[in-house]
Each structure stands twice: as C-alpha cells, then as structure tokens.
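Colleague: I have this one open on my screen and don't want a grand tour. Please start from a single spot, look at it closely, and then work outwards.

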Amino acid sequence: MIAKKIGSGLKRASVCLLAAAIAACGGSGTVATPAAAPPSLAAVAGKALFFDASLSASGRQSCGTCHVPTRAFTGDPATDHGLPVPLGGRTMDQTGFRNAPSLMYASFTPPFSLDGGPVGGFFRDGRASSLAAQAQAPFVTSFEMANADAREVVGRLQDSPATLAAFVAAYGNDALSDPQTALNDMGLAIAAYETQDDEFHPFSSKFDYYLQGHAQLTPQEQNGLALYNNPGKGNCTACHPSQRQSFSDHALFTDFSFDNIGVPRNWAIPANNAEAVSPIDGAPLSIALLPVDVPSDAEYAYYDLGLCGPFVPAVGDANARPNLAATTSLCGVFKVPTLRNIAVTTPYFHNGVFSGLHQVVEWYVTRDVNDNTGNNPNPVAAGPGGNPYMPGGTFYTAADGTPDLYEYNDLPVKYDANVNIVEVPYTPPTFGGGQAPTLNAAEIDDLVAFLCTLTDGYDPKNPSAYVIPAQCQPTAAATAAALKQGTAP
Ligand code: HEC
Ligand code: HEC
C-alpha cells in the first residue's frame, strides 16, 4: 500500500486475515481450483508454444528461456550472463529492463483495479489485462523474442511442425489466416497452459503440508512464521498474506496490491548506466531509453518508475488499465510478488538488486536506519546503534559503490514522498526516535528459514528426498546449535 494510503494499508492487514471478510480485500473474481482432468487442447498447444525457441527472431529464445521451470519459472542468472535482467533481441544482444518474475501462482491475479488503491493486472506494473494479453507481448518486444509483428510470429509458427500441429488441433487452420487473430489465439493457448497445468500451482510446499497436518515446522521455522505475521516485527503478512484470501483456496503470499518500497538502485542494469558494455563481447550496449516520466531535474537519466512508466499498456489490449504516466503519485509503485518459491528465484525485486533472502530482510528492517537519508528525520549513523548490517551505513550506493547522496536512489528525489515510510518493517514502531531494526540477526535467520518452507516439491512421505535450495541449507553453526537443543530436523 502506498504511503498516502496508510490508513487503508493497515486496515488491509487486519481485514484480509479474516477469511469471512475476504471480499473486502480487492479480489474481483476467483480462479477455479485447477482440475486434475487431462489438459485441454488449448493448454497442450500453449505448452508447445511456451517452450518453442524457433518462434523468436533469434531462434534462441522461448518463454521458457526467461521463465525456467526448475527456477519457479523465473529467469536464470547463468544464461543471463550474470545480469539481473535478461538479454534478448534478434541477435540476443539487447538487454531487458526488469528482473523476470515467477509465473507460478500468477493465474490467480485479479484484473487491475484502482478502487481503494491499485491491485492486480499482469506484469510488475499491471499493464496487461490478462495472461492471454500478456503472452502476446514477448513475441513482438524488440529486446525479447523480437519479431517485427504478428505476421512474422505466425510465419515462424508455420515453420515449426510440432507446435503448429498442436495449435491447429486447438484452433483450426482458419485461425492462421489473419495474423492478429492467430497471435490472439496463441495468447489464449499459453494462458490456458499457465492456468490449467498444476506445474504452475502445485501447492506442494512444506508449509502447505504443515497446514494440512502432514509436516512439522522446526522450532526455527515456527518462530520465523510468527515473526512474519507479527505486526511489530516482520509484518510481511500485511502485503504478502500468509492466510488465504479470495483469490484461491490457499494462501498466495501476495495480495496483488502495489506499493512503493524504495528499493535501492541496481547499477548492474545496463539502462541505469550510460557506459554499459555487453557481458558477451564487451561492445557498448545499445540501450533504447524509453520515454519515461522522469522530471528534468532528476538525479539520474533513467528510472524504472513502475505504474507511471516507462512501459505503457499495449495498444491492442482493449481491457488494459489506463496509461498512468501523468499520475506521479504512482511513480515508483510496483506489484507485490508472491513469496512462494522465493528461495529459488534469485535475484530479488523488480530490478534484481539483491541476491539473497537474508540480505533482502536486512534491507527491509534497516531501510531507514542509516546515515545518509534526506527523508529520515532522525538518521542513525553507521556502526554501533546504527545499521548493523552495512559497514557503510546504507544499502543505497552510487555507481562507484560509495554511499549515494540520495536515499531511495532508484527514484527521482522529487518522488521520494511516494515511498511507504509508515509501515513495519520499513520503519520501526518507534519511528521518530530511538530507532532500531525490528528484527535482529537471529530473528532474520528464523524468518528466512520460514521463507524456505514456501518452496514447492516437498514430499511429506519422503522429506529427505527434498532438495533444499542452496540459500536454505542450514549453516554448520545452526545445525550444531539445533543438535544441542535437540531440535535438528
Ligand atoms: C527475454 C526474457 C523474457 C521472455 C522471452 C519472456 N519473458 Fe515473461 N517476463 C520477462 C520479464 C523481464 C517480465 C517482467 C516485465 C515487466 O514487468 O514489465 C516478464 C513478465 C511476465 C509475466 C507477468 C507475470 C506477473 O505476475 O504479472 C508473464 C505472465 C510472463 N512474463 C509470461 C511470458 C510468456 C508467456 C512468454 C512467452 C510468450 C514470456 N513471458 C517471454 C521476461 C521474459
Ligand atoms: C507494505 C507492503 C510490503 C510489506 C509489509 C512487505 N513487502 Fe515484500 N514486497 C512488497 C513489494 C511492493 C514488493 C515488490 C517491490 C519491487 O519489485 O520493487 C515486494 C517484494 C518482496 C520480495 C522480492 C520478491 C521477488 O520475487 O523479487 C521479497 C523477497 C519480499 N518482498 C519479502 C518480504 C518480507 C520477508 C517481508 C517482511 C519482512 C516483506 N516483504 C514485507 C511489499 C511489501
């Protein structure tokens, strides 16, 4: 929830925990529980389309390249050459602008709405009206699959026999005669796959089995859950609800609302850096700076401002939200992502600025506890009593790694007032004096241990077969401590 809506933001936290009041939480339509029935012809076609790299201008990129099933359908930093944003384009040398989100549980997203604050819609800025509308975009986006238009996409489909057969089985030969109709149907097919296939919403995490009484949380995970829900500690549940809401029979760990949480600028995004070079051949990268609602006196040339730009709804998406470029109060506002599978979807946030969950939570609880803020009325210096996690006192660094002059430095200073500074965990309840992070290091460990229980693929009958994500492996010290207390899993 954005800063000005603090009243409703806090109300949302309590109201939405009540299953009886779920209709008040902004959900405008439930999605049917996925059936175990055989996949529809549309979903079969959708799966073939999703993984067919020959449909891209480079011949090297499919949806599945940037949304990898084993990474909860997010991108893979290895194939992205270590960049926090994907590469694409006709010769795979164009860089993207955002970290690819997980597609798991995305089919539960409600339509975009501005009533009572922004909610829903697809993409991190909610600009696509449906999964089907969204799925058309990557095929014709110059820095992704990079076809010039629908005609080029359909030409490639006609040259890809297996995918073509699946498509024709679902939509008939006639669907190919008009390229835009064919691209619409391709979108519908992919949406059917993302909605119907359980791969996208298995609800098979340890936490799900715990709720059903088939798995036990360790004391550490249990404590992490309590901190997650505690309004004075983690308060994560205020935006990433651990309780079910109207969208699904299960908790989704997002309420699909939008907020400006002032994440630090990521200088590894080529668009943020005028002298970016290709990680492949060292050649200067051609970055088409998109028109964006950046004030002329802004500190840096390019900003990703979420709801207010640079991206706008596609012309052909008749049901899309309005263009919000002129609504500067929404600049810097992004959709709350699910935390399901969060342990396997590094890096984090729309700009991929953090690569570990521990670091994310350290940032959350110390965001305004540092020594360089223009917004914080009572800045605390680094060192004892200051930000305990960053020797430099801040996560906000300039391109050279030194503390930035600007706090929320991924936002023009002019829009700093849009940042939510009134909800835990950003700002401790004691805001205004005597600030200290709401979680200490051991509590952060516990919270992260809980987040690790949200990874799908747990088998309560064979817990030892479960592959623990790398950042969830207990440290030697934690294992020793647990053994001593007799609480080792
Ligand atoms: C080059 C990498 C790349 C390719 C290829 C790609 N995506 Fe994405 N995808 C992204 C990025 C980056 C975003 C976030 C963009 C934004 O928010 O503006 C995204 C966002 C999405 C979303 C929005 C999820 C949500 O919760 O709102 C969906 C759905 C999606 N992609 C599906 C697809 C499908 C289907 C295809 C193939 C037709 C595809 N993607 C191809 C990188 C890619
Ligand atoms: C007031 C709302 C709010 C609260 C409270 C909140 N978050 Fe978030 N969270 C967001 C928003 C909005 C984003 C997306 C921001 C972006 O992409 O720039 C986000 C993103 C994240 C991400 C990155 C997800 C991804 O896929 O990249 C993680 C991890 C996360 N939050 C964890 C937490 C934890 C843990 C807590 C509690 C300590 C918490 N959040 C509290 C709103 C909130």
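Modeller: Let's start at S113, which is partly exposed because 17 other C-beta atoms lie within 10 Å; buried would take 20 or more, and exposed 12 or fewer. Keep in mind that this is a predicted model. S113 sits in the loop that runs between β2 (94–95) and α4. What lies across from S113? One answer is A320: the two C-alpha atoms are separated by 10.0 Å, although the residues are 207 apart along the chain.

That pairing goes with a wider pattern. Among contacts in the protein with a separation of 6 or more, 67% are between residues 24 or more positions apart. The protein has 489 residues, and 51% of them are buried. Its secondary structure comes to 12 helices and 4 strands.

The loop holding S113 leads to α4, and α4 takes us to ligand 1. This ligand is surrounded by 28 residues, with C63, C66, F123, R124 and P138 the closest. Two elements, α3 (63–66) and α4 (131–136), each give two or more residues to that shell. By type, the shell around ligand 1 holds 17 nonpolar, 7 polar and 4 charged residues.

Ligand 2 has a shell of 26 residues, and C236, C239, D259, P337 and H350 are the closest. Helix α10 (residues 357–366) gives the most to it, with 3 residues. The split there is 18 nonpolar, 6 polar and 2 charged.

Back to α3 for a moment, because the loop between α3 and β1 (87–88) is where A72 is placed, and F73 is in that loop too. Most residues other than glycine have a negative phi. A72, however, has a positive phi near 55°, and F73 has one of about 60°. A72 counts as buried because it has 23 C-beta neighbours inside 10 Å, and F73 counts as buried with 24.

Two prolines deserve a look as well. The bond from G309 to P310 is a cis peptide, with omega near 15°, and P310 is in the loop between β3 (258–259) and β4 (334–335). V424 and P425 are also joined by a cis peptide bond, omega about 15°; P425 belongs to the loop between α10 and α11 (441–452).

Now for some helix packing. In α6 (residues 161–171), the buried residues are T163, L164, A166, F167, A170 and Y171. Viewed down the axis of α6, they fall within an arc of 165°, so they line one face of the helix. P161, A162 and A165 are exposed on the other side of α6. The buried residues of α6 pack against α2 (41–50), α5 (150–158) and α7 (179–196). After α6 comes G172, with a positive phi near 85°.

Two of those partners also meet each other. The axes of α2 and α7 come within 7 Å and cross at roughly 100°, so the two helices are roughly perpendicular to each other. On the α2 side the contact includes A42, A43 and F50, while α7 brings residues including M186, I190 and Y193. The residues of this contact divide into 12 nonpolar, 2 polar and 1 charged.

Definitions and conventions. Residues numbered from 1 in each chain as written. Chains lettered and ligands numbered in written order. Predicted model: local features only at pLDDT ≥ 70, side-chain atom pairs only at ≥ 80, totals over all residues. Near = placed C-beta within 6 Å. Nonpolar A, V, L, I, M, F, W, Y, C, P; charged D, E, K, R; others polar. Arc of directions from axis to C-beta. Contact = placed C-beta atoms within 7 Å. Axes fitted to C-alpha atoms, helices over the stretch in contact; angles between N-to-C directions. Parallel < 35°, antiparallel > 145°, perpendicular 65-115°, else oblique.
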